[in-house]
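This report introduces one protein structure to a reader who has not met it before. Please look over the sequence and the model before reading on.

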Amino acid sequence: MAKWPNVPHCHGWLALDARGAFRMRDEAAQAASASGEVIRHPALLSFIHRNYLPDERGAWYFQNGPQRVYVELEATPYVARTLPTGTFVTHDGEPMPSIDAAWITEEGRLVLQGGGKLAMVDDRDLADCAGRLRIDGMPVDEESLLAWLERMQGELQLATGDRLITIRPVRNNELGNRLGFDPHPAQHHAAALTAAPAAPTSPVS
């Protein structure tokens, strides 16, 4: 990496959607605020997964040689799916061996923290999670969950193993600030460029 000290970091070209798919966003997709094309190449996905890291500000990127390719996050840094065993696996194929904390958005989206990962549950698996929810230790149905989301009376809990994890409310637009990650590094990069003073010019002789 010392051979290429001035390689600029890349912003806006890569995104992770709320179902755990990495998407390539070319200039046309960025201009149209479109999601971009899903990356399906197994070797490329494996390379991204192996080199997927956060920086000191909580912005996620993958290290591509000397360059950081920053990732726009539709949801959280990881996306989780349920397994028949009652456990969870993240979009990189790695298990979440234990759940340490949980949150729920105003839209009923479940966010889990465990094993050093923060992951929103894929919306296709929310029905599987419903059977694990409790209010004050009692099973939850759809009606009681909707009532809780409206009034937040009682303690909403997630049954995981032999434990009940308290689920705390969080607004969707506050996920990054509350949970410590930057979902839109391209916006902050653009703002930093705008705020930066102009570089001095050399005098013309």
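Which element supplies the largest share of the lining of the largest pocket? The answer is helix H5, with three residues. The model examined here is a predicted one.

## The largest pocket

The space in the largest pocket amounts to about 310 Å³. Its lining is made up of 19 residues, and those nearest the centre of the pocket are Asn172, Asn173, Gly176, Pro183 and His184.

Two helices, H5 (175–179) and H6 (185–195), each contribute at least two residues to this lining. By character, the lining residues comprise seven nonpolar, seven polar and five charged ones.

## The sheet and its edges

The model also contains an open sheet of six strands, with mixed pairing. Read across the sheet, the strands follow the order E3-E2-E1-E6-E5-E4. Strand E3 (37–38) and strand E4 (52–54) each have a single partner strand, so one side of each lacks a neighbour in the sheet and these two strands form the edges.

At the E3 edge, the pairing with strand E2 (residues 22–24) is antiparallel and rests on two bridges. Within this pairing, Met24 lies opposite Glu37 of E3. Helix H2 (residues 42–50) packs on the sheet, where it touches E2, E4 and strand E5 (60–64). The direction of H2 makes an angle of about 115° with that of E5.

## Strand E6 and its partners

How many of the seven residues of strand E6 (residues 67–73) are buried? Six of them are, so that the strand is mostly covered under a cut-off for burial of 20% relative accessible area.

Strand E6 pairs with strand E1 (residues 10–16) in the parallel sense, through four bridges. Leu14 has Val71 in E6 as its bridge partner. Strand E6 also pairs with E5, here in the antiparallel sense and again through four bridges. In this second pairing, Tyr61 is bridged to Tyr70 of E6.

E5 and E6 form a hairpin with two residues between the strands. In this hairpin, Gly65 adopts a positive phi near 65°.

## Summary

In the predicted model, strand E6 pairs in parallel with E1 and antiparallel with E5, while E3 and E4 stand at the edges of the sheet. The largest pocket draws on helices H5 and H6 for part of its lining, with H5 giving the largest share.

Technical notes
Residues numbered from 1 in each chain as written. Predicted model: local features only at pLDDT ≥ 70, side-chain atom pairs only at ≥ 80, totals over all residues. Heavy atoms only, no water. 1 Å grid on protein atoms, 1.4 Å probe; cavity = no way out; pocket = protein on both sides within 12 Å on 5 of 7 lines; lining within 4 Å. Points joined across faces, edges and corners; volume = space filled by probe spheres on them. Nonpolar A, V, L, I, M, F, W, Y, C, P; charged D, E, K, R; others polar. Pairing = 2+ DSSP bridges. Contact = heavy atoms within 4.5 Å. Axes fitted to C-alpha atoms, helices over the stretch in contact; angles between N-to-C directions. Buried < 20%, exposed > 50% of the residue type's maximum accessible area, 1.4 Å probe, protein only.
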